[in-house]
Amino acid sequence: MTATVRVAVPRKGRPLEAVLERLATNVGIGDVADEISSTLRYEKSVTKGRADPERDVYERLADYSDLSDPERPEYTLLRDDRDGMPRRIVFDSLAVDAGDVRLLLVGREEPFRALRKHEFALGFDSADLVLEEVVALDEAGIADLADVNARIDPMESDVRVVSGLGDTVYHTLMATPETLPPGADLDREFVRGYEGPLCISPRYERLVEAVLGTGAIENVDFVYPADPAEEEAAIAETGLGVYLTVTGSTARDHGLVLGEHLFPSETVLMENEAEVRPPADAAKAVLSAPRDETQLVV
């Protein structure tokens, strides 16, 4: 009988789509992966008020989830954090036949924390959360995923990063031209010699401290945008900041210079080392990076 391994995954958004793309590549579930992504994108548009469905949320949920077929994806309702706390349809679970092992993808709001509590041996979540919660602060900064595991205190957590999924956007330095001296590079060394305000999202304060290093921010004062939707505008007013960006096109619209990519914000495969044993190690091999991608040494 094929063993089943439970894997914690995000319930929605870019991280879940990255997991589904990995499984489409490694296991061949392209059709169901596309179906889940399309369903959740539509439900997001409903949540955002961009779509007006004829059926109510319970009718749509019943249509999406066929409980009589164990191979079909299942969805559930989650309270949204907007005014009135409306219900939103999100991913719940999917069983995937992966040859020698059967994967049961289980939706969690916080997969990383579920691994930390030893509820799962394997899971996927944003690399940002690892930096924010268990990576030790040091004078030197962190530049990539390979640096992360070395900074996790084994007394603090058994969770380690195995590999990234490549759905990468970067925490990037940005500055106004007036902030940069002629010929200066906008990089970590510039921040180390800088004294003044640095604009960041308040939820990324510890992440930025870990990425830049405590030595680089010794003379920096963190300031925060009044409106999170206008972070790049706030950086332009401040003169220097860190922002999560894909192409930087909107930063240029605010007259900002793009500097060093500080850290890749991507979905990562994680393991709880204390829980990985057969058959979880077989599932880890299935979920790990394709041969043309780099895996971390853990």
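## Helix 1, its partner helix 2, and three loop sites

In helix 1, the residues Pro 15, Leu 16, Glu 17, Ala 18, Val 19, Leu 20, Arg 22 and Leu 23 are buried, in what is a predicted model. The helix runs over residues 13-26, and because 14 residues at 1.5 Å a residue should span 20 Å, the separation of 20 Å between its end C-alpha atoms agrees with expectation. Just after helix 1, Gly 28 takes a positive phi of about 85°.

Helix 2 covers residues 30-47 and packs against helix 1 at an angle of about 165°, the two axes lying 8 Å apart. That angle makes helix 1 roughly antiparallel to helix 2, since angles over 145 degrees count as such. The crossing of the two helices is left-handed. On the side of helix 1 the contact is made by Leu 16, Glu 17, Leu 20 and Ala 24, and on the side of helix 2 by Gly 30, Ala 33, Ile 36, Ser 37, Leu 40 and Arg 41. Sorted by class, this contact of helix 1 with helix 2 has 6 nonpolar, 2 polar and 2 charged residues. Among the residues of helix 1 that take part, Leu 16, Glu 17 and Leu 20 are also listed as buried.

Beyond this helix pair, three loop residues deserve a description, and their places in the chain are set out below.

| Residue | Element before | Element after |
|---|---|---|
| His 118 | helix 4 (111-116) | strand 5 (122-126) |
| Ala 143 | helix 5 (127-133) | strand 6 (159-164) |
| Pro 279 | strand 12 (267-272) | helix 10 (280-287) |

Two of these sites concern the backbone. Most residues other than glycine have a negative phi, and most peptide bonds are trans. Against that background, phi of His 118 is near 65°, a positive value in a residue other than glycine, and the peptide bond from Pro 278 to Pro 279 is cis, with omega near 5°. His 118 counts as partly exposed because its relative accessibility is 33%, which falls between the limits of 20% for buried and 50% for exposed.

What does Ala 143 contact, leaving aside its neighbours within four places in sequence? Its partners are Arg 188, Leu 262, Phe 263 and Pro 264. Ala 143 is partly exposed, with a relative accessible area of 38%. Between Ala 143 and Gly 213 the C-alpha to C-alpha distance is 10.0 Å, although the two residues are 70 residues apart in sequence.

Key
Residues numbered from 1 in each chain as written. Predicted model: local features only at pLDDT ≥ 70, side-chain atom pairs only at ≥ 80, totals over all residues. Heavy atoms only, no water. Helix = DSSP H or I, 4+ residues; strand = E, 2+ residues; numbered from the N terminus. Expected span 1.5 Å × (residues − 1). Buried < 20%, exposed > 50% of the residue type's maximum accessible area, 1.4 Å probe, protein only. Axes fitted to C-alpha atoms, helices over the stretch in contact; angles between N-to-C directions. Parallel < 35°, antiparallel > 145°, perpendicular 65-115°, else oblique. Left-handed = near helix turned anticlockwise from the far one by under 90°. Contact = heavy atoms within 4.5 Å. Nonpolar A, V, L, I, M, F, W, Y, C, P; charged D, E, K, R; others polar.
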